[in-house]
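Got your viewer ready? Load the model below and we'll walk through it one selection at a time.

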Amino acid sequence: MLFIEYPKCSTCQKAKKWLDARGIAYTDRHIKEENPTVEELKAWHEKSGQPLKKFFNTSGMLYRELGLKDKLASMSEEEQFALLASDGMLVKRPLVVLEDGVLLGFREKEWEEKL
């Protein structure tokens, strides 16, 4: 299991504590130091079954600074993947990549069901 996080993110810290408390093993990856690639994002998007929009960190400062709320709808998927891969801070986190799926954000109930 791959756990992708931004260590200063309080939600990521909470999710990590939740995993540790349950003894769930994971590989940790710092999203700012190792941005997801376009190829990784495409694979995760396909695995997730979620709309691509869900991969964006809509509450992040960079998302707001770039005015993406108004721009995403007119962008192609390729442009959106390239944008997500350009800066890890645009990606919703924590992001957990499993064999059979992807979890976006930390929702305890969903994590209990899937993990």
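The tour has three stops: a helix, a couple of cysteines and some aromatic rings. Keep in mind as you click around that this is a predicted model.

**Stop one: helix α2**

Start by selecting residues 38-48, which make up helix α2. Now show the side chains of L41, W44, H45 and S48: these are buried. Why do they sit on the same side of α2? Because they cover an arc of only 105° around the axis. There's a simple rule behind such patterns: an α-helix has 3.6 residues a turn, so residues three or four places apart point the same way.

Next, spin the view to the face of α2 turned away from its buried side, and pick out E39 and E46, which are exposed.

What covers the buried residues of α2? Turn back and add the strands β1 (2-5), β2 (27-30), β3 (95-98) and β4 (101-104), along with helix α5 (77-86); the cover includes these elements.

Before you leave, step just past α2 to G49, where the backbone takes a positive phi of about 70°.

**Stop two: C9 and C12**

Now select C9 and C12 and show their sulfur atoms. A disulfide is a covalent bond between the sulfur atoms of two cysteines. How many disulfides does the count come to here? The count is zero. C9 is in no disulfide, and the nearest cysteine sulfur to its own, that of C12, is 3.2 Å away. Seen from C12, the closest cysteine sulfur is in C9, and 3.2 Å is too far for a bond; the cut-off used is within 2.5 Å.

Turn on a surface and check these two again. C9 is buried, with a relative accessible area of 13%, and C12 counts as buried too, at 0%.

**Stop three: the aromatic rings**

For the last stop, look at the rings. A search of the whole structure finds six aromatic pairs. Zoom in on one of them, W18 and W111: the ring centres are 5.8 Å apart and the planes are at 85°, so this pair is edge-to-face. The pair links distant parts of the chain, with W18 in helix α1 (residues 10-21) and W111 in helix α6 (residues 108-114), 93 residues apart.

Are these two tryptophans, W18 and W111, buried or exposed? W18 is buried, with a relative accessible area of 7%, and W111 is buried at 0%.

Finally, widen the selection to F3, W18, Y26, F106 and W111, and you'll have a cluster linked by ring pairs.

Notes: Residues numbered from 1 in each chain as written. Predicted model: local features only at pLDDT ≥ 70, side-chain atom pairs only at ≥ 80, totals over all residues. Heavy atoms only, no water. Buried < 20%, exposed > 50% of the residue type's maximum accessible area, 1.4 Å probe, protein only. Helix = DSSP H or I, 4+ residues; strand = E, 2+ residues; numbered from the N terminus. Arc of directions from axis to C-beta. Contact = heavy atoms within 4.5 Å. Phe/Tyr/Trp six-rings, centres within 6.5 Å; stacked < 30°, edge-to-face > 60°.
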